[in-house]
Amino acid sequence: MSDGANTLVTCHANADFDAFAAMLAVRRIYERCALFFPGSQERPLQKVYADLDKNTYGFVEGCPNWEKFDRLVLVDTRQRGRVRHVEPLLERRGICIEIWDHHPESADDIAADSAHIANVGAVTTLLAQHLQKRGVSLTQEEATLLGLGIYSDTGSFTYSSTTADDLLAAAWLLGQGMSVRRINDMASHELTSQHIQTLNRLLESAQTYIMDGSPVVLAEVSLEHYLGDFASLAHKLMEMEKISVLFAIGRMGDRIQVVARSHNEAFDVGKICAALGGGGHSYAASASIRAMTLPEVRESILRRLREHDGPGKTARDYMTAPAIGLDAEATLHEANELMLHFGLKAAPVFRHGRRVCIGLLDAQMASRAVAHGLSGEPVREYMRRYIRTLPPDAILRELSDIIIGNRQRLVPIVEREEIVGVVTRTDLINIFASEPGLIPAQKDRHKARNVGRQLHDRLPGELRDILTLAGETGARLGLPVYAVGGFVRDMLLDRHTQDVDLVVEGNGIALARELARQLNGRVREHQKFLTSVVVYHNGEGTEARIDVATARLEYYEYPAALPTVELSSLKMDLFRRDFSINALAVRLDGEHFGALADFFGGWQDIRDRTIRVLHTLSFVEDPTRCIRAVRFEQRYGFRIGAGTEKLIKNALSLKLMERLSGARLFNEYKHICEEANPVACFARMQEIGILSAIIPALVLTPSKIALLRRLRETAAWYALLYLRETARSWLVYFYGLTAGLPYKAASAAYDGLGLPETGKQEILRGREQLRHVKDNLLKWQKKNDAGNARVSDLYELLRASSPECLIYLMAAADREELKKTLSRYITQWSKEKPDITGDDLRRLGLAPGPAFSRILRAVLTAKLDGTAVNVESQLRLAKKLMSGTD
């Protein structure tokens with residue numbers, strides 16, 4: 001056994017049991033070597049490492065003293081990209097490098113002074129053979145830990161990579177005292193509720209692609225935080241669904257984790273993960289990626305998988321060249337004229353002065369923009385961004401996936417950053433018409449998405465019954481019926497939802513009438529808008545409603561106008577909606593129950609937590625969508641897509657908010673105020689520029705944001721009191737937003753938000769009086785601190801204040817004592833009444849008249865101040881006051 005005092009031993013980042021066990025085995029070759037463990041994402045290994053005596057095994061805690069070492073031993077890898085944690089040693093001249101590995105070679109391999117490499121199921125097998133030859137004796141713990149590495153990397157000898165050497169090594173370790181029971185205990189994966197939820201989401205997202213006649217499954221999940229043991233979920237998924245090739249992709253915080261497994265020798269998942277910056281075997285591999293989005297990772301995997309499809313014609317053979325394009329700085333009028341002249345349905349957009357593609361403009365979109373009076377706007381502001389391009393060697397299947405799968409009208413073919421041609425939808429149709437055998441079998445390539453299980457598992461029983469009834473009614477009437485919009489979105493997000501919107505392809509009013517009959521309800525019909533509302537009583541006896549619409553198309557005659565309605569298909573009905581996450585539908589009738597209709601990528605946007613509009617004129621046609629984008633973003637913790645945010649800013653620059661009616665703005669403002677976190681919405685509106693477009697004088701300073709947050713907390717507290725007088729959220733936040741603004745600016749803000757004209761002067765006067773009340777409150781509190789304040793004075797000061805004013809005063813109070821005083825006023829003193837009534841005064845001989853109210857007010861004052869707290873004392877006071885009236 002060598003001394004090894006100058007030797008550092010490590011393995012690849014995100015270690016597994018095999019790498020960890022191999023490090024321990026090297027310790028028996030170099031007795032005094034230091035072990036540098038780079039960490040692991042596997043919880044069972046984390047637990048084993050935490051329980052280990054670090055000093056006994058020579059583990060280095062923290063950053064090693066690099067100067068101390070002149071030998072580096074790498075186990076279970078030889079790829080430089082997987083051992084960045086020892087970069088200082090790799091860069092040092094003269095360092096001696098020794099490698100123990102069982103992975104195939106790669107272009108990233110490190111040159112070693114000595115290498116021990118063999119095609120075995122576990123690298124620990126190599127080291128166990130070496131120790132056996134040298135006659136080394138192991139402790140029971142050492143033998144068990146080394147055995148754990150072999151068992152883990154061979155799948156308990158079930159993986160096809162298992163060799164005879166692995167079995168022989170395990171037999172030797174068994175003779176050294178290896179405990180199979182302990183290995184089973186240490187390697188077991190306990191699934192938490194979060195693991196089970198994540199597994200369900202992977203199952204829901206799984207899509208099957210047919211590659212070279214073999215099924216390959218990609219499953220994805222987005223998580224806010226890191227989840228350990230993600231690899232175990234991939235293994236579980238393969239077992240449950242009998243999958244032969246799987247790529248499990250998880251977005252966790254700022255990185256994406258890929259776990260790949262293959263039981264099909266034709267698919268080397270190690271090579272694919274290596275291309276993503278990871279590594280592994282042909283049958284098991286992984287990668288951790290920071291610089292790519294989840295869709296980019298998915299497309300990168302699919303692109304490499306498609307290399308199995310073999311040679312054939314490429315995009316260069318199919319494309320139209322040269323491509324006719326539009327300069328980004330050209331006006332929409334010029335673009336519209338050019339596309340009309342050449343008969344183009346879409347054209348690529350070039351960066352000014354170059355043939356570099358930066359977007360795509362649809363002819364229909366250009367025509368609509370011109371009709372909306374945007375002729376002079378540059379193309380770059382309304383083009384479709386983030387389009388997909390392909391190189392000239394791309395195959396037909398890739399072109400088909402973009403044009404058919406992504407509904408992109410044409411694909412720019414790019415070589416050395418510049419467009420060399422385009423393949424259009426018409427080109428693709430002509431290709432398939434001339435060679436029908438080339439048409440991809442789309443149903444075989446992608447597993448149809450059905451959310452019937454989610455409908456069953458996530459909805460309360462009564463709501464499920466309503467949907468089932470609607471579907472059965474539709475089937476009986478021969479009408480396709482869909483649940484649509486926010487209901488589908490919230491169901492997919494597993495959030496509570498009760499409002500049901502149905503869309504019918506056909507006579508929606510006929511279905512509504514039949515539903516109402518079966519539910520013993522009634523129908524309110526709106527023939528002009530082709531909609532109906534079914535009103536009925538639910539199981540709790542309260543009134544409930546179902547909105548039923550005929551599939552329709554809405555178009556806008558001018559910016560910010562209300563829509564005009566025409567009959568259309570489901571797809572066109574969904575296209576009129578604001579965002580992709582709200583343009584989803586679930587079919588309910590007959591054998592189609594649970595089928596998800598997703599024409600615009602809403603399901604993927606939900607998974608990617610993105611708010612995205614359906615077309616570039618969306619905010620021009622309806623500027624209120626700018627506010628709704630923020631509301632949905634903050635409600636669900638999503639993020640407005642970069643392209644969508646740019647379109648919002650375009651609409652703001654055109655001052656389209658000014659064209660909105662007050663009623664529409666007020667409606668959106670009210671919805672914001674009723675959200676769980678309005679303050680976050682207001683802050684985001686300011687960040688984008690929406691708030692200043694509505695209220696130019698308003699700036700949310702840190703102190704104002706703090707006030708708004710206190711208003712939110714106080715309003716929530718007030719709501720929990722369940723008082724008869726409820727507070728209007730929109731007015732509470734109006735007081736907060738305009739705090740500190742002069743009267744004229746507050747009045748302009750009132751109008752800018754579209755608040756009701758009725759009551760405006762009263763509300764603005766009340767706002768001005770708040771300052772007077774606040775000053776007197778502070779004076780009262782000082783008196784109270786000195787012990788000479790009267791509660792009746794406080795009552796007189798506050799009794800005319802609305803609930804909204806009281807909430808504002810409490811939130812704006814600087815002193816805790818004043819907050820407690822206001823709290824007591826709201827919950828106790830404001831509710832006080834005299835214990836005697838006018839009847840008592842009549843019995844005392846007082847004739848009805850003005851004296852009644854004067855005496856009762858005086859009695860209440862005495863009660864509040866503690867000088868007449870019961871009926872007897874109040875009657876005595878009343879008699880005394882009556883004698884003074886004579």
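Buried means under 20% relative accessible area, and partly exposed lies between that and exposed, which is over 50%. The legends below describe salt bridges in a predicted model.

**View 1. Glu-804 and Arg-728 form a salt bridge.** The closest N and O atoms of Glu-804 and Arg-728 are 3.0 Å apart. Glu-804 sits in helix α36 (residues 803-812), while Arg-728 is in the loop between α31 (702-719) and α32 (729-737), so the pair ties together parts that are 76 residues apart in sequence. Glu-804 counts as buried because its relative accessibility is 2%. Arg-728 has 38% relative accessibility and therefore counts as partly exposed.

**View 2. Glu-220 pairs with Arg-607 in a salt bridge.** Between Glu-220 and Arg-607, the closest N and O atoms are 3.0 Å apart. This pair links distant parts of the chain: Glu-220 belongs to strand β7 (residues 214-223) and Arg-607 to helix α24 (residues 602-608), 387 residues apart. Glu-220 and Arg-607 are both buried.

**View 3. A salt bridge joins Glu-796 and Arg-799.** Here the closest N and O atoms are 3.1 Å apart. Glu-796 has a relative accessible area of 44%, so this residue is partly exposed.

**View 4. Salt bridges that share partners form one network.** The acidic members are Asp-578, Asp-622, Glu-668 and Glu-675. Joined with them are Arg-625, Arg-628, Arg-631, Arg-635 and Arg-664.

**View 5. The model holds 57 salt bridges.** Among them are the pair Glu-220 and Arg-607 and the pair Glu-804 and Arg-728. Side chains of opposite charge can pair when their charged atoms come close.

Technical notes. Residues numbered from 1 in each chain as written. Predicted model: local features only at pLDDT ≥ 70, side-chain atom pairs only at ≥ 80, totals over all residues. Heavy atoms only, no water. Salt bridge = Lys/Arg side-chain N within 4 Å of Asp/Glu carboxyl O. Helix = DSSP H or I, 4+ residues; strand = E, 2+ residues; numbered from the N terminus. Buried < 20%, exposed > 50% of the residue type's maximum accessible area, 1.4 Å probe, protein only.
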